[in-house]
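User: Hi, can you walk me through this structure? I'm new to this, so keep it short.

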Amino acid sequence: MTVQDITTASHHPKELRRVFGAFPSGVTAVAALVDGVPVGLAASSFTSVSLSPALVSVCADVSSTTWPVLRTRPRLGISVLGAHQEQACRQLSSKNGERFATLDYRASADGAVFVEGASAWLECEIDSVLPAGDHDIVVFRVHDLDADPTVPPLVFHASKFQRLAA
C-alpha cells in the first residue's frame, strides 16, 4: 500500500476506534453551571497546547446536545478524573439522566464546575473553536488550576478504562 492509498482510503469507524485507541489518554469532565444546575460531559481528548499563554484543548462531538449549552458559558471547569472515578466518567458520558446526580462537585464564582476528587482541575474560558469533521477542537484559555499528585489519573486505552502501573 502506498502513502497515496493510505491518505485517500476511507476507514470504517470501528477500525478507526481500534487504531486511535492504541494511544492512551486521560479522561476529563468539562462542566459549568447552567441556571444554577451543573451541566457537563466527558472528554478523552484533553491536551496541553501552550504554556504562554496557558492554553489547553478538548474535542467536542458536534452531535452532542450538551456541547452547545456549555459553549455559551463564560467559564468552564475541566476536571482530570482520577483512577477511582470510572463510574463518574460513565455518568458524564451518559445520554440519559442527571449526570451529576450522585457526583460531588464544586463550582467557582464564575460558574465553572469541578468534580471533587479529580487529579487536577482547570478553570477556563473558550479561546477559539475550530470545526474539524464530526468534532469541534476547542481551545481554552486557563485562568486558574491545581493538581493533587496523590490522585492517579483515569486512563482510557484500547476502548477500556485503565490505571497507570507504579
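Analyst: One term to begin with: two strands pair if DSSP finds at least two bridges between them. Also, this is a predicted model.

User: OK. Over how many bridges do β1 and β11 pair?
Analyst: Two bridges. The pairing of β1 with β11, residues 154-157, is antiparallel. S25 stands opposite F156 of β11.

User: What is the strand order in that open sheet?
Analyst: The order is β1-β11-β12, so to speak a row of three strands with antiparallel pairing.

User: Which are the edge strands?
Analyst: β1 (25-26) and β12 (160-163). Each of these pairs on one side only.

User: Which strands does helix α4 lie across?
Analyst: α4, residues 86-93, lies across β11 and β12. The helix runs at about 150° to β12.

User: New topic: empty space. How do people find it?
Analyst: A probe the size of a water molecule is rolled over the atoms, and this shows where empty space is left.

User: How many cavities of 30 Å³ or more are there here?
Analyst: The count is one. The volume of the largest cavity is about 40 Å³.

User: Which residues line the largest cavity?
Analyst: The lining is V30, L41, V58, C59, A60, W67, V138 and F140. Two elements give two or more residues each: β5 (55-61) and β10 (135-147). β5 gives the most, with three residues.

User: Which classes are those lining residues in?
Analyst: Eight are nonpolar. There are no polar and no charged residues in the lining of the largest cavity.

User: Now pockets. What is the volume of the largest pocket?
Analyst: The largest pocket holds about 1500 Å³ of space. Its lining has 35 residues. R17, A43, S44, H135 and F156 lie nearest the centre.

User: F156 again! Which elements give two or more residues to that lining?
Analyst: They are α2 (13-20), β3 (37-43), β5, α4 and β11. F156 is the residue of β11 that S25 stands opposite.

User: And how does the lining of the largest pocket divide by class?
Analyst: Into 16 nonpolar, 13 polar and six charged residues.

User: What about the second largest pocket, what is its volume?
Analyst: About 180 Å³. The second largest pocket is lined by 15 residues. P38, V39, E98, R99 and F100 lie nearest its centre.

User: Which element gives the largest share there?
Analyst: β3, with four residues. By class, the lining of the second largest pocket has six nonpolar, six polar and three charged residues.

Terms used:
Residues numbered from 1 in each chain as written. Predicted model: local features only at pLDDT ≥ 70, side-chain atom pairs only at ≥ 80, totals over all residues. Heavy atoms only, no water. Contact = heavy atoms within 4.5 Å. Axes fitted to C-alpha atoms, helices over the stretch in contact; angles between N-to-C directions. 1 Å grid on protein atoms, 1.4 Å probe; cavity = no way out; pocket = protein on both sides within 12 Å on 5 of 7 lines; lining within 4 Å. Points joined across faces, edges and corners; volume = space filled by probe spheres on them. Nonpolar A, V, L, I, M, F, W, Y, C, P; charged D, E, K, R; others polar.
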